[in-house]
Amino acid sequence: MGGASQDTIFPLQGQSLKVAGLFAGIGGIELGLHRAGHQSELLCEFDEPASRVLAHQFPDVPLFGDVRELKASHIPPVDVLAGGFPCQDLSQAGLTKGISGSKSGLVSEMFRLMETMKPKPRWVLFENVPFMLQLEGGRAMAHLTQTLGDLGYTWAYRVVDTRSFGLPQRRQRVVMLASKTEDPRTVLFADEAGERQFKDLPRKTAYGFYWTEGVRGLGWGINAIPTIKGGSTVGIPSPPAIWLPDGRIVTPDIRDAERLQGFPLNWTRPAVDDAKKRNGPRWKLVGNAVSVPLARWVGRRLARPGAPMTRNHKLLDGARWPVAAWGRKHETYAAADISLWPVHHKYKDLLTFLAYEPDLLSLRAASGFRNRTRKGTLRFREDFLHAIDRHIEMMSSEDSDTSTLRHAISA
Ligand SMILES: C[S@@+](CC[C@H](N)C(=O)[O-])C[C@H]1O[C@@H](n2cnc3c(N)ncnc32)[C@H](O)[C@@H]1O
């Protein structure tokens with residue numbers, strides 16, 4: 001195997017690391033790293049609802065606002081600089097302006113800080129959506145990796161699926177690590193469990209899908225919900241729907257959404273100041289967050305790096321960005337044998353995972369979805385369409401209240 005030369009490898013052993021978290025959101029990275037034994041020294045986040053969550057959940061950690069005003073001198077000495085920089089410009093659902101978009105361009109603030117901090121952090125941890133691997137023919141990734149290489153960093157990234165950690169949410173995210181002194185492959189490529197096979201479905205299986213879609217895509221999840229999103233094309237955060245084995249079409253409770261991301265119950269409660277206020281802001285925050293067990297896995301490996309389980313293939317200019325890769329100045333390798341599944345934690349079936357009574361999908365939402373299914377060329381399971389029709393029928397019957405409905409549908 002090729003690799004970073006030995007003189008760049010100084011593995012850390014079981015250490016508790018100090019972390020500064022930029023673009024901290026509701027602290028998915030932070031909570032995961034804490035659970036791996038590390039500690040936060042500074043948080044930076046300028047969104048008000050997110051900041052309320054951070055202030056409540058991490059009361060002892062200084063919280064800074066706008067990253068553009070954050071100076072290296074504000075940051076105490078840390079081992080890790082972490083940041084899931086804003087993905088709106090990079091995500092399919094967003095404006096697809098690419099790395100130069102005003103929001104994702106904020107990653108340059110991370111570059112500025114990692115270069116000016118004294119001492120420099122040993123590790124820099126990035127997180128983003130996998131669409132950035134494809135956007136503009138891979139330009140976003142080329143920009144990131146070239147900049148890191150030019151600054152003297154060895155980098156590695158891996159796309160990881162949240163289901164790897166047993167949570168029934170199909171969510172893929174790119175985790176990227178860079179260092180001037182350590183070998184990031186010893187963290188990101190030290191675990192490999194192989195693609196998880198979901199051959200044996202439970203007798204009663206729930207299916208997740210996006211009721212906001214239906215023409216070109218569906219976000220179909222078998223025994224899983226599709227990625228919880230921070231927004232949609234129309235900018236409104238919308239929970240995915242679930243087709244339950246009893247026929248009901250529902251949307252999960254926000255507390256289950258938090259759990260589907262690995263957060264404790266009501267983690268985002270401080271985001272809404274009025275108990276009657278709708279949960280839209282909470283959905284957005286949960287959808288933008290990093291799944292906690294993913295960050296915990298990275299954290300555990302940061303504390304105890306292992307031997308990378310990969311072979312390298314030189315990645316040619318213009319080639320598609322693979323699921324995992326690493327490199328340094330003028331060198332880029334695809335990491336063969338690396339899947340989206342570092343580990344296989346015991347899988348929790350979606351149906352039994354849901355702990356809170358879900359809401360029935362509204363008549364308006366269900367009807368809109370059904371209309372969209374008629375417009376496109378997507379093919380759907382007959383029994384699924386039948387369940388949607390039945391749901392619409394039930395919801396539109398004038399004398400039915402929600403409890404009768406529940407009973408009627410599940411009977
Ligand atoms: C993708 S989210 C990160 C989510 C976070 N990793 C988590 O687990 O919740 C990006 C975050 O960057 C924040 N952000 C955007 N521009 C910022 C700025 N100029 N200064 C500080 N934070 C900013 C957004 O408010 C958002 O919460």
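**Helix 7, the ligand shell and model confidence**

Helix 2 (48-57) and helix 6 (254-260) are among the elements that cover the buried residues of helix 7. In this predicted model, helix 7 spans residues 280-288, and 8 of its 9 residues are buried, so the helix is largely enclosed by the rest of the structure. The buried set runs through Pro 281, Arg 282, Trp 283, Lys 284, Leu 285, Val 286, Gly 287 and Asn 288.

A second buried position is found in helix 1 (residues 28-35), where His 34 is placed. His 34 has 20 other C-beta atoms within 10 Å and counts as buried because the cut-off is 20 or more. Leu 17 lies 17 residues from His 34 along the chain, and 9.4 Å separates the C-alpha atoms of the two.

Turning to the ligand, 22 residues surround it, with Phe 23, Gly 25, Gly 28, Asp 47 and Gly 84 the closest. Sorted by class, this shell comprises 13 nonpolar, 5 polar and 4 charged residues.

A word on confidence is helpful here. The average pLDDT of the chain is 88, and 86% of the residues reach at least 70. For residues 91-99, however, the pLDDT is below 50, although the model gives this stretch 24 contacts beyond near neighbours in sequence. Residues 403-411 also have a pLDDT below 50, with 14 contacts beyond near neighbours in sequence. Where pLDDT is low, the predicted coordinates should not be read in detail.

Note on methods. Residues are numbered from 1 along each chain as its sequence is written. This is a predicted model: local features need pLDDT of at least 70, side-chain atom pairs count only at pLDDT 80 or more; totals for chains, interfaces and linings use all residues. A residue is near a molecule or strand if its C-beta atom, placed from the backbone, lies within 6 Å of it. Ala, Val, Leu, Ile, Met, Phe, Trp, Tyr, Cys and Pro count as nonpolar, Asp, Glu, Lys and Arg as charged, and the others, Gly among them, as polar. pLDDT is the predictor's confidence in each residue, from 0 to 100. Two residues are in contact if their C-beta atoms, placed from the backbone, lie within 7 Å. A residue is buried if 20 or more other C-beta atoms lie within 10 Å of its own, exposed if 12 or fewer, and partly exposed in between; C-beta atoms are placed from the backbone. Helices (H or I, at least four residues) and strands (E, at least two) are DSSP runs, numbered from the N terminus.
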